[in-house]
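Thank you all for coming this morning. I would like to walk through one protein model with you, slowly, so that everyone can follow along on the screen.

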Amino acid sequence: MLHILWLILKFILIILGILLGLLLLAVLLVLFCPVRYRVSAVKTEGDWKQTEGEGIVSWLFHGISLKAEWKDQQMEISFHLFGIPVDKLLKKRQEKRAVTEKSGAEKISVSCTGVNREEENKKSENIEAEDLRTDRNSASGTSADTERTGNSQTSGQQRLNTDDISEDTLKKRQFFIKRIRDRIRNIFQSIRTKLRNIRRTFRKIKKEVSWWKAFMEHPRVTAARKLVWKHGKFLFKHVFPTKIEGQVTFSFEDPALTGATLAVLGMTIPFHKNCVQINPRFEGENYLQGNIRAKGRIYGFVFARAAVSIYFNKNIKYVIKRWKTRRA
């Protein structure tokens with residue numbers, strides 16, 4: 001009996017060990033297996049319609065890849081999982097489902113047409129019988145309606161002669177004056193309430209500005225901002241492409257504008273380290289032609305390290321606590 005229990009326990013421990021090993025392997029792959037990307041764009045001579053571009057993002061040694069291609073003014077996206085085109089398989093399944101649904105709908109429509117015709121014939125017969133009944137009832141009811149209308153007209157004239165016209169005019173005047181007073185009073189009350197609300201909003205804005213000023217000038221908050229800025233710059237450098245190459249030739253109708261654009265592009269040299277050749281043309285025409293290629297990689301442990309250092313920092317915790325409580 002104990003031998004059987006030990007075998008069961010051993011089997012459970014082996015399964016747990018395998019699951020933990022797979023989980024550890026997945027964590028290590030996420031942290032240390034980089035996400036690689038590659039981007040390229042080509043602009044030939046002519047219209048902007050001739051521009052072509054391509055972008056590829058891959059992970060797990062190109063086992064999982066996503067490709068987006070812009071060509072002939074159309075975007076094509078493909079997803080591959082260990083060499084299997086997943087997007088094409090999904091499209092084929094959708095096409096098969098659409099074909100089966102169309103065939104089923106055609107069968108149902110053919111079977112329902114005969115039933116609908118029989119129902120329409122029955123409805124037309126019932127409508128004709130009801131029309132005959134309504135015609136008979138309307139003919140008998142018109143004579144009675146004429147007699148009732150004559151009696152009502154004579155009684156209404158007698159009532160109008162008995163009413164006192166002077167009392168009605170006095171009541172109307174009093175009601176009109178009272179209505180004007182109420183409107184004027186409501187206008188003054190609304191103006192007072194609006195002025196009070198404006199004062200309250202100004203007070204709230206003043207309090208918010210003073211709170212934000214004290215919050216941003218606090219030394220611990222400034223230290224937290226510096227820490228976030230430091231890690232943000234490092235992450236930007238890490239995400240930025242490791243290799244850029246290409247050449248661009250351009251010109252404008254105004255040579256002064258070409259020179260100004262060249263000065264602005266010269267400020268980007270620290271980013272691509274003069275790997276992109278910029279060739280200006282001062283010929284007085286709009287021209288653009290060139291190609292650019294860039295690639296890089298992103299490691300997960302870099303983001304995890306930045307997140308851990310920011311989360312466990314005392315200044316960051318103080319900022320979060322101060323933000324939640326809103327204590328000046």
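Let me begin with how this chain makes contact with itself: if we take the contacts between residues at least 6 apart in sequence, 64% of them join residues at least 24 apart. Please keep in mind throughout that what you see is a predicted model. The protein has 328 residues, and 12% of them count as buried. Its accessible surface comes to about 27,600 Å², and carbon and sulfur atoms account for 62% of that area.

Now to the secondary structure, where the protein contains 8 helices and 8 strands. How are the strands arranged? The 8 strands make an open sheet with mixed pairing, and if you read across it the order is β5-β4-β3-β2-β1-β8-β6-β7. At the edges sit β5 and β7, the latter covering residues 276-280, and each of these edge strands pairs on one side only. For those of you who are new to this, strands of a sheet pair through backbone hydrogen bonds, and they may do so in a parallel or an antiparallel way.

Let us start from the β5 side of that order. Strand β3, residues 64-71, and strand β4, residues 74-81, run antiparallel and are joined by 8 bridges. Two of the facing pairs are worth finding on your screen: S65 has H80 in β4 as its bridge partner, and A68 stands opposite I77, again in β4. The hairpin of β3 and β4 has 2 residues between the strands, and there D72 takes a positive phi near 55 degrees.

Moving on to the next hairpin, β4 also pairs with strand β5, residues 84-85, in the antiparallel sense, this time over 2 bridges. Which residue of β5 stands opposite H80? That residue is P85, and if you recall that S65 is the bridge partner of H80 in the pairing with β3, you can follow H80 into both pairings. The hairpin of β4 and β5 likewise has 2 residues between the strands, and here F82 takes a positive phi near 55 degrees.

Let me now turn to the other side of the sheet, and to a single residue, S251, which lies in strand β6, residues 243-251. Is S251 buried or exposed? Its relative accessible area is 1%, and because buried means under 20%, S251 counts as buried. The side chain of S251 reaches the backbone oxygen of E285 at 2.6 Å. If we leave aside the neighbours within four places in sequence, S251 is in contact with T258, R281, E285, N286 and Y287.

Two of those names, R281 and E285, bring us to the charged side chains. Side chains of opposite charge can pair when their charged atoms come close. The structure holds 4 salt bridges. One of them is between R281 and E285, with the closest N and O atoms 3.5 Å apart, and in another the side chains of E283 and R281 meet at 2.6 Å, N to O. R281, E283 and E285 are thus linked in a network of salt bridges. As for how open these residues are, E283 is exposed at 51% relative accessible area, whereas R281 is partly exposed at 23% and E285 is partly exposed at 33%.

There is one more salt bridge that I would like to show you, formed by E245 and R293, whose closest N and O atoms are 3.4 Å apart. This pair links distant parts of the chain, since E245 is in strand β6 and R293 is in strand β8, residues 287-298, which places the two 48 residues apart. Both partners count as partly exposed, E245 with a relative accessible area of 33% and R293 with 38%.

Finally, a word on cysteines: how many disulfides does the structure hold? There are 0 disulfides. Among the cysteines, C33 is buried at 5% relative accessibility, while C275 is partly exposed at 37%.

To close, I would ask you to take away the order of the open sheet, β5-β4-β3-β2-β1-β8-β6-β7, and the network that links R281, E283 and E285. Thank you for listening.

Terms used: Residues are numbered from 1 along each chain as its sequence is written. This is a predicted model: local features need pLDDT of at least 70, side-chain atom pairs count only at pLDDT 80 or more; totals for chains, interfaces and linings use all residues. Side-chain values use heavy atoms; hydrogens and water are left out. Two strands pair if DSSP finds at least two bridges between them. Helices (H or I, at least four residues) and strands (E, at least two) are DSSP runs, numbered from the N terminus. Buried means under 20% relative accessible area, exposed over 50%, partly exposed in between (1.4 Å probe, protein chains only). A polar contact is a pair of N or O atoms within 3.5 Å; within protein, one must be able to donate a hydrogen and the other to accept it, and residues adjacent in sequence count only if both atoms are side-chain atoms. Contact means heavy atoms within 4.5 Å. A disulfide is a pair of cysteine sulfur atoms within 2.5 Å. Accessible areas come from the Shrake-Rupley method with a 1.4 Å probe; for residues, only the protein chains shown count as cover.
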